[in-house]
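Here's a quick tour of the fold you have on screen. Grab the viewer and follow along, topic by topic.

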Amino acid sequence: MDPKRRTPDHEEEGNADKKPRATTWEQILDPATSRGADVKISRDFLARIIADKCFDELSKEIFWQQEEIRMMGKTFTPKRETAAYGDEGTSYTYSGSKRRANPWTPNLAFMRREVENATGQTFNFVLCNLYHNGEASIGHHSDDERDLNPESCIASVSLGPGERDFALKPKKKHANSGLLSTTLLLNSGSLLIMGGTTQTYFTHAVPKRAKVTQPRINLTFRNVKIQ
Ligand SMILES: O=C(O)CCC(=O)C(=O)O
């Protein structure tokens with residue numbers, strides 16, 4: 001894409017700035033039976049051609065970095081590459097590191113509008129993950145950091161050929177409360193929403209998968225508190 005263009009070429013092909021699209025949702029965790037945890041997925045959130053273009057452009061447009069993280073007193077560098085973008089002045093602290101937002105790129109701004117149209121919610125920050133293949137992963141965790149506005153959901157877009165399993169399981173202290181673990185495949189162009197009490201009762205992960213040889217990009221849109 002020409003970097004001087006304000007919007008990506010595929011904006012006209014999407015429906016940004018038009019009325020919300022009629023997104024079809026599949027309920028994964030039902031709040032009525034999961035203590036208020038609300039997880040759902042739209043598998044056809046993005047048309048194939050748009051998902052493919054966004055994957056190609058975001059692979060180059062995002063400033064990917066392999067960040068050191070600290071967990072349980074240990075420091076390590078995950079195989080996954082990450083980046084943070086958002087509104088001016090926003091930041092997000094997790095695993096011992098504070099990520100200050102870079103300004104929205106054209107494709108990330110486009111994607112934010114599509115996600116806001118589909119969910120009816122607003123987002124001011126996105127954490128980006130690049131998994132080159134199934135060796136890269138993210139371990140079980142919940143997104144319950146203090147920086148997040150607790151009433152806002154997390155909206156997670158998957159792009160690229162390296163489709164991955166997404167595992168949800170009840171936290172240890174709720175393991176005997178009848179809550180069930182589940183795993184689903186995140187296809188390219190899908191939008192997963194984690195809302196309600198999901199982060200209170202469940203952890204989630206993208207486990208290693210030796211047979212996956214293709215890359216995947218994940219964008220998790222969040223609403224962070226303004227400092
Ligand atoms: O890659 C994914 O689908 C999940 C990413 C994730 O859990 C996170 O960024 O907190």
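Why is strand 10 (residues 154-159) largely enclosed by the rest of the structure? In this predicted model, 6 of the 6 residues of strand 10 are buried, so the rest of the structure largely wraps it up. From there we can move on to the ligand, the open sheet and the nonpolar core.

**Strand 10 and its partners**

- Look at either face of strand 10 and you'll find it covered: I154, S156 and S158 are buried on one side, and A155, V157 and L159 are buried on the other.
- One partner of strand 10 is strand 13 (residues 191-196), paired antiparallel through 4 bridges.
- Within that pairing, A155 has I193 of strand 13 as its bridge partner.
- Strand 10 also pairs with strand 15, again running antiparallel, and here 5 bridges do the joining.
- Opposite S158 you'll see N218 of strand 15.

**Around the ligand**

- Eleven names to click on: the ligand is surrounded by L127, N129, I138, D143, S156, F166, L186, H204, V206, N218 and T220.
- S156, buried in strand 10, is one of the residues surrounding the ligand, and so is N218, which pairs up with S158.
- Three strands each supply at least two residues of this shell: strand 8 (125-131), strand 14 (202-206) and strand 15 (216-222).
- Sorted by class, the shell has 5 nonpolar, 5 polar and 1 charged residues.

**The open sheet**

- An open sheet is built from 4 strands in the order 9-14-11-12, with antiparallel pairing.
- Strand 9 (138-141) and strand 12 (182-186) sit at the edges with a single partner strand each, so each has one side without a neighbour in the sheet.
- From one strand to the next, the twist averages 15°.
- Strand 11 (residues 164-170) and strand 12 run antiparallel and are joined by 5 bridges.
- If you want a spot to zoom in on there, L168 has T182 in strand 12 as its bridge partner.

**The nonpolar core**

- The largest nonpolar core has 50 residues, and V115, V126, C128, A155 and L191 are the ones touching the most other members.
- Strand 8 contributes the most to this core, with 6 residues.
- As general background, nonpolar side chains tend to be buried together in soluble globular proteins.
- Setting aside neighbours within four places in sequence, V126 is in contact with Y85, G86, L108, R112, L219, T220, F221 and R222.
- T220 turns up twice, as a contact of V126 and as part of the ligand's surroundings.

Notes: Residues are numbered from 1 along each chain as its sequence is written. This is a predicted model: local features need pLDDT of at least 70, side-chain atom pairs count only at pLDDT 80 or more; totals for chains, interfaces and linings use all residues. A residue is near a molecule or strand if its C-beta atom, placed from the backbone, lies within 6 Å of it. Ala, Val, Leu, Ile, Met, Phe, Trp, Tyr, Cys and Pro count as nonpolar, Asp, Glu, Lys and Arg as charged, and the others, Gly among them, as polar. Two strands pair if DSSP finds at least two bridges between them. Axes are lines fitted to C-alpha atoms, for helices over the stretch in contact, and angles run from 0 to 180 degrees between N-to-C directions. A nonpolar core is a set of buried Ala, Val, Leu, Ile, Met, Phe, Trp, Tyr and Cys residues joined through C-beta atoms within 7 Å. A residue is buried if 20 or more other C-beta atoms lie within 10 Å of its own, exposed if 12 or fewer, and partly exposed in between; C-beta atoms are placed from the backbone. Two residues are in contact if their C-beta atoms, placed from the backbone, lie within 7 Å.
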